[in-house]
Amino acid sequence: MSLGVFDIGGTTVKHGIWEHQQLSPVNAFPTPVTFDELLRNMAEIIRDAKRPLTGIAISAPGAVDQEKRKILGISAVPYIHQRPIFDEFEQQLGLPVTIENDANCAGIAEVELGVGREAQNIAFVVLGTGVGGALFVKRQLYKGSHLYGGEIGLLKSQSQQIFSQTGTLVKVAQAYSEQVNRSVDGKMLFELSEKGDTLAKSALDEMYQTIAKNLYNLQVLFDPEMIVLGGGISRQPTLAAELSGQLFEQLKKEGIEEIMPVVKCCHFHNDANLIGAALNFQKIFPDQDRS
């Protein structure tokens, strides 16, 4: 089985080849402004592939309705929504196509091949520009009654702001930049904190507290045995330990520390969406050759 795999994002479309259960080196092109341009770019990549492909596996934002063969909801790529996109891809690309939500794809990769291989009930939390997530019950993806299962970025805190607005490194770095009147990204914010910048350390501490509060709500609602952290911040070596400690203290305060989950950072990082998309294709088309 040789698959063309694509991850449609708001800024870039990443792509690679999935063959022999391995992902080839990943490339990317800027996200086109129209659907027709997206189709042309994808078709060109498929034509340039150095082997015949058996299918196309896609990771995309939005609520993917497999029965209606559409992507519902909204995202930073508006033209992929509310259209017969499965049929359009298959007709134009000449291959069977699968599409799944990007956070779900990342979760699938971690559950099947990553840090969640031995767990049964898993919550995958993506801490990126916003917050996304995916839930797995007995290792099966749970999408909910309206395809919004795992959309933890929409959780509201007491301030009435959703988790995506208050719990990401991108937003915290933006707020810090406004305070000091210069541009600082997330990596720089950690560096400044390590050098003793008290404002940077305070901003990161507040972010950790916000994330931990939302993980607490997720834990008492869903009760997974493992929480897997994804997104760019998951590369920070102290992230899992910091959030694990804060989550334990919150559970202990309520006398329920026995439900403490294992908290781990993801294994595949930036490749997770592509790998999960490929694994999703293999599950939907199990009779195709997996060579």
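The following paragraphs describe a five-stranded sheet, the helices that lie across it, and a pair of crossing helices in a predicted model.

The sheet provides a convenient point of entry. Five strands form an open sheet in the order β11-β10-β9-β12-β13, and their pairing is mixed. Its edges are β11, residues 140-142, and β13, residues 262-265, each of which pairs on one side only. From one strand to the next, the twist averages 25°. At the β11 edge, the neighbouring strand β10 spans residues 131-137 and pairs with β11 in the antiparallel sense over three bridges. Within this part of the sheet, V137 stands opposite Q140 of β11.

Two helices lie across strands of this sheet. Helix α3, residues 102-112, lies across β9 (122-127), β10, β11 and β12 (226-230). Relative to β10, α3 runs at about 50°. Helix α8, residues 239-253, lies across β12 and β13. The direction of α8 is at about 155° to that of β13. Strand β12 is thus crossed by α3 and by α8.

Attention may now turn to helix α7, which covers residues 198-222 and contains 25 residues. From its first C-alpha to its last, α7 reaches 36 Å, close to the 36 Å expected at 1.5 Å a residue. Both ends of this helix have a local feature to record. At its start, a side-chain oxygen of D197 reaches to within 3.0 Å of the backbone nitrogen of L199. After the helix comes D223, which has a positive phi, near 55°.

How do α6 and α7 meet? Two packed helices are described by the angle between their axes and the distance between the axes. Helix α6 comprises residues 186-194, and its axis comes within 8 Å of that of α7, the two crossing at roughly 115°. The crossing is left-handed. On the α6 side, the contact is made by L189, F190, L192 and S193. The α7 side contributes A200, K201, L204 and Y208. Classified by residue type, this contact of α6 with α7 comprises six nonpolar residues, one polar residue and one charged residue.

Methods. Residues numbered from 1 in each chain as written. Predicted model: local features only at pLDDT ≥ 70, side-chain atom pairs only at ≥ 80, totals over all residues. Heavy atoms only, no water. Helix = DSSP H or I, 4+ residues; strand = E, 2+ residues; numbered from the N terminus. Expected span 1.5 Å × (residues − 1). Polar contact = N/O pair within 3.5 Å; in protein donor to acceptor, adjacent residues only side chain to side chain. Axes fitted to C-alpha atoms, helices over the stretch in contact; angles between N-to-C directions. Left-handed = near helix turned anticlockwise from the far one by under 90°. Contact = heavy atoms within 4.5 Å. Nonpolar A, V, L, I, M, F, W, Y, C, P; charged D, E, K, R; others polar. Pairing = 2+ DSSP bridges.
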